[in-house]
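Subject: Structure for your review

Dear colleague,

Please find below the structure that I am handing over to you. My findings follow directly after it.

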Amino acid sequence: MISLLIALGMAISSCNPSESDESTADTLTNVLSSDRMLLVLSAPSINNRYYSDAFNMIVDFQIEYAKSIMNNDNVVVIVDKDTRRFYEGRLPEDILITADVYDIWMRDFTTVNPDLPVQFTYTWASMTRQQSKEVQNSFNGFANEIGITRSDTDLLIDGGNIVDNYSGRVITTTRFLEDNRLTYQEGVQKLKNLLNASEVAIIEPDEETLAHADGMVSWIDTNTLLVNNYSEDAAFQRKVLSELKSAFPDANIIEVPVQYTTNPPGQWEGFESACGVNLNAAVTHKNVYVPTFNMPHEQEALNIIRSNTSKKVVTINAEGVCAMGGSVRCLTWQLTGSNAEKLILAARSN
């Protein structure tokens, strides 16, 4: 069905905006342009009991986040047929696509690097092994129907544990080595080969459940790397900075204040709160989408981010989702080029 929709979308919409009917182009939300990156969100299913208590908060967050992306980059929201009604009327119809993708944490089970996408095997750090397979298989079915071009590997990693600058510099944590039983040197070489990387850092994680790098570091520009300020644990701070400086000797590495919080008993047990972690940001060609939480350290963090990038800094209030263990970057799949066009056209026709 989706394949038919793509074909219809290509028949009525040109991939070159200059060739499109001007009146039609004016009504479209997404703009097919190399300047824009596509950010994709996956809605929580109204039928998924795991998210039932947080359903409205996640929906509200995704709607506001999508609105913030519009006019800056492109955005598509994947919703199942029973959930679509919660987004209709609040977001433009041409950015909604009906499909069954089983989870909201799109960063982890999709592809890394929007320009040269690679799909790793999703780990089961946050669920059972069978559940992780089902989630990634639901994505595979969707991506194959759309015609998303990507390479894949049996190596285990969540996409949130790959932070790269899209130009050959890659960061992960030692969880990647543990999950795949690799030495440091083997891990570096595997990532260089798979991701066409020239420089790789493998850092100690700052929490042990998910152990993702994207709660620790962010490449906001090709040569500018932000890292949480771990000065409260001087030994850990030295370890992280030493590895980053060794791997990226020419990079501009800047520490950013962070304020960690703890979930109350009984709330999202087993996961560390991501509230206060501003570096879980989605970075595109021209924009940096930074999660905010109305916390005391944030103005200093935002000032540092703004003063070290020429990109537009777009703040996204993530208070409604951060207690679950992630926020802006964790919930976002990023695409460029023909992959982005295929998904945008499918949403227009859906």
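The link of Cys-275 and Cys-322 is right-handed, with 85° about the S-S bond. This is a predicted model, and the sulfur atoms of the disulfide that joins Cys-275 to Cys-322 are placed 2.0 Å apart. The count of disulfides comes to one. Cys-275 lies in the loop between β11 (252-256) and β12 (282-283), and Cys-322 in the loop between β14 (312-317) and β15, so the bond ties together parts that are 47 residues apart in sequence. Both Cys-275 and Cys-322 are buried.

Why does Cys-330 form no bond with the closest cysteine sulfur, in Cys-322? The two sulfurs are 11 Å apart, which is too far for a bond, because a disulfide requires the sulfur atoms to be within 2.5 Å. Cys-330 is itself buried, with a relative accessible area of 7%.

Strand β15 also has a place in a sheet. The sheet is open and has four strands in the order β3-β2-β1-β15, with mixed pairing. Its edge strands are β3 (96-98) and β15 (333-335), each of which pairs on one side only. From one strand to the next, the twist averages 25°. Within this sheet, strand β1 (residues 38-42) and strand β2 (residues 74-79) pair in the parallel sense over five bridges. As an example, Val-40 has Val-76 in β2 as its bridge partner.

I turn next to the nonpolar cores. In soluble globular proteins, nonpolar side chains tend to be buried together. The largest nonpolar core in this model has 39 residues, of which Phe-61, Tyr-65, Val-77, Tyr-87, Leu-91 and Tyr-289 touch the most other members. The elements that give two or more residues to this core are β1, α3 (55-69), β2 and β14. Helix α3 gives the most, with eight residues. What does Tyr-65 touch, not counting residues up to four places away in sequence? Its partners are Leu-39, Leu-41, Ala-282, Tyr-289, Ile-316, Val-328 and Thr-332. Apart from the largest core lies another, of 26 residues, among them Leu-32, Val-76, Met-127 and Ala-143.

Two further residues deserve a separate note.

The first is Thr-173, which is placed in strand β7 (residues 169-173). Is Thr-173 buried or exposed? Thr-173 has a relative accessible area of 0% and is therefore buried. A polar atom of the Thr-173 side chain lies 2.8 Å from the backbone oxygen of Ala-211. Leaving aside neighbours within four places in sequence, Thr-173 is in contact with Asn-161, Ile-202, Ile-203, Pro-205, Ala-211, His-212, Ala-213 and Met-216.

The second is Ser-138, found in helix α5 (residues 129-146). Ser-138 counts as buried because its relative accessibility is 10%, and the cut-off for this class is under 20%. Which residues are in contact with Ser-138, leaving aside its neighbours within four places in sequence? They are Asp-100, Val-101 and Tyr-102. Of these, Val-101 is 37 residues from Ser-138 in sequence, while the C-alpha atoms of the two are 5.1 Å apart in space.

Yours sincerely,

A colleague

Notes: Residues numbered from 1 in each chain as written. Predicted model: local features only at pLDDT ≥ 70, side-chain atom pairs only at ≥ 80, totals over all residues. Heavy atoms only, no water. Pairing = 2+ DSSP bridges. Axes fitted to C-alpha atoms, helices over the stretch in contact; angles between N-to-C directions. Buried < 20%, exposed > 50% of the residue type's maximum accessible area, 1.4 Å probe, protein only. Polar contact = N/O pair within 3.5 Å; in protein donor to acceptor, adjacent residues only side chain to side chain. Contact = heavy atoms within 4.5 Å. Core = buried A, V, L, I, M, F, W, Y, C linked by side-chain atoms within 4.5 Å.
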